[in-house]
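Student: Hi! Could you walk me through this structure with me asking questions as we go?
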Amino acid sequence: MTDGLEALRARFLAQCAEDLRLVAHAIADAETVEAPLFAQRIHRLAGAAGIFGFAVVSDRARVVDDRLTAKAKPLLESLEALAAALAEIARAHGA
Amino acid sequence: MNLKALYVDDHEDVRDVVEYSLKLDDSIDVVVADSGLAALALLDQGRFHPDVILLDVMMPVMDGPAVLAALSDRPAFAQTPVIFVTARTQSREIAAYRALGVAGLITKPFDPLTLARDVRAMIAPAA
């Protein structure tokens with residue numbers, strides 16, 4: 001990966017802490033998944049995480065994104081799986 | 001002459017990585033916009049006429065297909081190749097996007113190091 005891409009990846013990682021907070025909030029309060037911001041952040045994760053090499057986050061975000069796109073509430077286990085993946089990269093990369 | 005590309009995406013990090021990736025090809029000039037409305041405003045000003053337009057599919061207010069429809073109503077851009085960029089990967093959705101007449105479709109995640117080459121291949125005239 002080039003230096004420029006590394007810098008963009010670092011910025012993405014820095015934002016993952018906020019993504020984890022949003023997902024954790026959604027696990028605690030299912031109503032928050034209906035907020036447009038939540039859907040936008042999940043869609044961003046589904047698209048961007050894989051570009052930066054975080055395929056597991058991307059795949060798990062896509063599961064949630066599919067439900068939101070279908071106007072259905074995400075399953076609790078899919079949110080928990082996404083939170084676990086985000087927590088893992090936060091641990092691994094100090095995000 | 002350099003290839004002029006316009007990329008439209010509401011997500012800053014994806015927008016930046018696409019811009020960066022395309023600029024890895026020295027012969028591509030890239031302009032970005034953060035919404036379909038901003039892109040159309042830019043085009044309507046007449047100061048930038050791209051050779052290819054890359055559109056994120058899912059954007060608030062005006063999504064990729066809506067921007068494509070608006071472009072088709074503008075004679076100056078109706079023939080400009082459009083490439084959709086999408087995180088949606090279900091085959092039915094992909095088929096529906098292709099049916100709209102785009103030149104190509106890039107699914108996220110894509111490889112930043114090959115993006116420019118992929119774009120060029122999609123808009124190259126058939127041999």
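Tutor: Happy to; we can take chain A, then its contacts with chain B, then the core. Keep in mind that this is a predicted model.

Student: What secondary structure does chain A have?
Tutor: Chain A has four helices and zero strands. Read from the N terminus, the order of its elements is α-α-α-α.

Student: And how far does chain A span along its principal axes?
Tutor: The C-alpha trace spans about 40 × 25 × 20 Å. The radius of gyration of chain A is 13 Å, which agrees with the value near 12 Å for a compact globule of 95 residues.

Student: How much of chain A is buried?
Tutor: Of its 95 residues, 37% count as buried. As for contacts in chain A with a separation of 6 or more, 51% are between residues 24 or more positions apart.

Student: Let's zoom in on H1(A). What span should the helix have, and what does the model give?
Tutor: Helix H1 of chain A covers residues 3-28, and at 1.5 Å a residue its 26 residues should span 38 Å. The end C-alpha atoms are 38 Å apart, which agrees.

Student: Where does H1(A) bend?
Tutor: At Cys16(A), by about 30°. Cys16(A) is also one of the buried residues of H1(A), along with Leu8(A), Arg9(A), Phe12(A), Asp19(A), Leu22(A), Val23(A) and Ala26(A).

Student: What covers those buried residues of H1(A)?
Tutor: The cover includes helix H2 (36-51) and helix H4 (76-93) of chain A, together with helix H1 (12-23) of chain B.

Student: Oh, so chain B comes in. How many residues are in contact between the chains?
Tutor: Twelve residues of chain B are in contact with 15 residues of chain A. On the chain B side, eight are nonpolar, one is polar and three are charged.

Student: New topic: which residues touch the most other members of the largest nonpolar core?
Tutor: Ala5(B), Leu54(B) and Leu55(B), in a core of 56 residues. Leaving out residues up to four places away in sequence, Leu54(B) touches Ala5(B), Tyr7(B), Val8(B), Val18(B), Ile83(B) and Val85(B).

Student: One last residue: why does Val30(B) count as buried?
Tutor: Because Val30(B) has 20 C-beta neighbours inside 10 Å, and 20 or more makes a residue buried. Val30(B) lies in strand E2 (residues 28-33) of chain B.

Student: What does Val30(B) touch?
Tutor: Not counting residues up to four places away in sequence, Val30(B) touches Ala5(B), Tyr7(B), Glu19(B), Leu22(B) and Lys23(B). Val52(B) is 22 residues from Val30(B) in sequence and 9.9 Å from Val30(B) in space, C-alpha to C-alpha.

Key. Residues are numbered from 1 along each chain as its sequence is written. Chains are lettered from A and ligands numbered from 1 in the order in which they are written. This is a predicted model: local features need pLDDT of at least 70, side-chain atom pairs count only at pLDDT 80 or more; totals for chains, interfaces and linings use all residues. Helices (H or I, at least four residues) and strands (E, at least two) are DSSP runs, numbered from the N terminus. The expected span of a helix is 1.5 Å times one less than its number of residues. The bend at a residue is the angle between axes fitted to the seven residues ending there and the seven starting there. A residue is buried if 20 or more other C-beta atoms lie within 10 Å of its own, exposed if 12 or fewer, and partly exposed in between; C-beta atoms are placed from the backbone. Two residues are in contact if their C-beta atoms, placed from the backbone, lie within 7 Å. Ala, Val, Leu, Ile, Met, Phe, Trp, Tyr, Cys and Pro count as nonpolar, Asp, Glu, Lys and Arg as charged, and the others, Gly among them, as polar. A nonpolar core is a set of buried Ala, Val, Leu, Ile, Met, Phe, Trp, Tyr and Cys residues joined through C-beta atoms within 7 Å. The radius of gyration is taken over C-alpha atoms; the globule rule is 2.2 Å times the number of residues to the power 0.38.
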